[in-house]
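I opened this entry to look up three things: the cysteines, a helix and the aromatic rings.

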Amino acid sequence: MNSIIELQDISLYRGKTQILKGISWKINRGEHWALIGPNGAGKTSLLKIISGNLWPSSGKVKILGKEFGKADLRELKKKIGWVSSFLTEKIPQNEDIVEIVISGKFASFGVYEKITEKDRKKAKKLLRLLDCSHILGRDFNVISQGEKQKVLIARALMAEPLILLLDEPCIGLDIKARGSLLASISKLCKETKTTIIYVTHHIEEIIEEIRNALLLKDGKMFILGKKKDVLSKETLDKIFN
């Protein structure tokens, strides 16, 4: 099985309002993609469908070879990590960093099962991978916004997902923090087998390892393909008016 995500003619309505229309997208193993578009283009709705948190109004979704409606969605969702700034508010602010990362194994906010030494070692290894060893021993509420985003990524990786959805992870970060976070994401692309979908409307955030892009506008596919071919000034002018 070469494809890891297959969307066929996906449409989504909320009431009478159409949010997504006719989205067909195939992602193969080993590929990393940027999902680009202005606010309101439908990026987050598309992520929710891929992650199994939202059912499309029509069309077919197949993740890791399993078709939605014919597979155990609970098991599939364990293979999909999602990092978004809204998750920051759900994290227990006075909790130890390592325990927050470990909570990703149980898909919970807070750890309610016994933590093993193996879990702790794995969590610390992930933090080292993301260049966050210096925050070990601290609580979540005293680290920077960029460090919080890295902790959320480490938390998502704790469950060893095959797909990682990064929903505007650099939002609200200063230049230094953004550069550090992007360097860590670049490292993930090189050193893990996780397929990354990076959502943004800032073209300068798209790192070298992300070589493919899908551009959305008004809930429709505008263009998709190799990043070097689709991210032209003319195309971006049309997307962002």
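My notes on these topics follow, and they concern a predicted model.

Cysteines. I looked for disulfides, taking a pair of cysteine sulfur atoms within 2.5 Å as the cut-off. The count came to zero. I then asked why Cys132 has no bond to Cys170. The closest cysteine sulfur to that of Cys132 is in Cys170, but it lies 13 Å away, which is too far for a bond. I checked Cys189 as well: its closest cysteine sulfur is also in Cys170, at 13 Å, and so is too far for a bond. I noted burial for both residues. Cys132 has a relative accessible area of 1% and is buried. Cys189 counts as buried too, at 10% relative accessibility.

Helix α1. I looked up residues 43–50, which make up this helix. How many of its eight residues are buried? I found six, so the helix is largely enclosed by the rest of the structure. I listed the buried ones as Lys43, Ser45, Leu46, Leu47, Ile49 and Ile50. I also wrote down Gly52, just after α1, because its phi is positive, at about 85°.

Aromatic rings. I found two aromatic pairs in the structure. One of them joins Trp25 and Trp33 in an edge-to-face arrangement. The centres of these rings are 5.5 Å apart, and the angle between the planes is 75°. Are these two residues buried or exposed? Trp25 counts as buried at 2% relative accessibility, and Trp33 is buried with a relative accessible area of 5%.

Technical notes: Residues are numbered from 1 along each chain as its sequence is written. This is a predicted model: local features need pLDDT of at least 70, side-chain atom pairs count only at pLDDT 80 or more; totals for chains, interfaces and linings use all residues. Side-chain values use heavy atoms; hydrogens and water are left out. Buried means under 20% relative accessible area, exposed over 50%, partly exposed in between (1.4 Å probe, protein chains only). Helices (H or I, at least four residues) and strands (E, at least two) are DSSP runs, numbered from the N terminus. Rings of Phe, Tyr and Trp (its six-membered ring) pair if their centres lie within 6.5 Å; planes under 30 degrees apart count as stacked, over 60 as edge-to-face and the rest as tilted.
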